[in-house]
Amino acid sequence: MPAKRNRSSLRIAIILLTLFTAAVHVWLGLGFLDNGGWAFVLNGAGYVTLLALLLIDWPPLARMRWIVRWLFIAYTAVTVIAWLFIGTGSPFAGPVVMSGQTLLAYADKAAEVALIVLLWLDGQAQAANRA
């Protein structure tokens, strides 16, 4: 029973972190749609889509859940890496000016790194259940 509860806690955390980062990206993207914000909106939609694919209990998809999980991890990692080079508030993208948007970016990156870790742990838990 504790292992099942632990897996449920992982899933809830994955859902919350994904919805948080998706909301941040959509909200930021809608703020500058005419100047490339659509990429942020699509990024948020990608997070929601990957979450849905991970959680849907459909037998043909369940067999490929490990692929979806690794795609989700890669997608999140690419988002974090892209922010490092071009994101507002990134130490590598120029001078850092602290603002509400910069603090939100840092909170979002922390959520994305935590999401990567939790997705990996969820995969380990699923593999342990199969064994």
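The side chain of His 25 reaches the backbone oxygen of Thr 21 at 2.7 Å, in a model that is predicted. His 25 lies in helix α1 and counts as buried because its relative accessible area is 5%, below the 20% limit. Leaving aside residues up to four places away in sequence, His 25 touches Phe 40, Val 41, Asn 43, Gly 44, Tyr 47, Thr 79, Asp 108, Lys 109 and Glu 112.

His 25 also appears in the description of the largest pocket, where, of the 19 lining residues, those closest to the centre are His 25, Phe 40, Trp 83, Gly 87 and Lys 109. This pocket has a volume of about 430 Å³. The elements that give two or more residues to its lining are α1, α2, α4 and α5, and α4 gives the most, with six residues.

The largest nonpolar core is a further feature of the model, and it has 16 residues, of which Ile 14, Leu 54, Phe 72, Leu 115 and Leu 119 have the most contacts inside it. At least two residues of this core come from each of α1 (2-30), α2 (38-55), α4 (65-86) and α5 (100-130). Leu 54, one of the residues with the most contacts inside the core, touches Arg 11, Ile 14, Arg 65, Val 68, Arg 69, Phe 72 and Leu 119, again not counting residues up to four places away in sequence.

Helix α5 can be checked against its expected length: at 1.5 Å a residue its 31 residues should span 45 Å, and the end C-alpha atoms are 45 Å apart, which agrees. The buried residues of α5 are Thr 102, Ala 105, Asp 108, Lys 109, Ala 111, Glu 112, Leu 115, Leu 118, Leu 119, Asp 122, Gly 123 and Gln 126. Among them, Asp 108, Lys 109 and Glu 112 are also touched by His 25, while Leu 115 and Leu 119 are among the residues with the most contacts inside the largest nonpolar core.

Val 113 is placed in helix α5 as well, but Val 113 counts as partly exposed because its relative accessibility is 44%, which falls between the limits of 20% and 50%. Val 113 and Ala 23 are 90 residues apart in sequence, and their C-alpha atoms are 16 Å apart in space.

The table sets out the two residues for which a relative accessible area is given.

| Residue | Helix | Relative accessible area | Class |
|---|---|---|---|
| His 25 | α1 | 5% | buried |
| Val 113 | α5 | 44% | partly exposed |

Terms used:
Residues are numbered from 1 along each chain as its sequence is written. This is a predicted model: local features need pLDDT of at least 70, side-chain atom pairs count only at pLDDT 80 or more; totals for chains, interfaces and linings use all residues. Side-chain values use heavy atoms; hydrogens and water are left out. A nonpolar core is a set of buried Ala, Val, Leu, Ile, Met, Phe, Trp, Tyr and Cys residues joined through side-chain atoms within 4.5 Å. Buried means under 20% relative accessible area, exposed over 50%, partly exposed in between (1.4 Å probe, protein chains only). Helices (H or I, at least four residues) and strands (E, at least two) are DSSP runs, numbered from the N terminus. Contact means heavy atoms within 4.5 Å. A polar contact is a pair of N or O atoms within 3.5 Å; within protein, one must be able to donate a hydrogen and the other to accept it, and residues adjacent in sequence count only if both atoms are side-chain atoms. The expected span of a helix is 1.5 Å times one less than its number of residues. On a 1 Å grid over the protein atoms alone, a cavity is a set of points where a 1.4 Å probe fits but cannot get out, and a pocket is an open set with protein on both sides within 12 Å along at least five of seven lines; lining residues have an atom within 4 Å of a point. Grid points are joined across faces, edges and corners, and a volume is the space filled by probe spheres set on the points.
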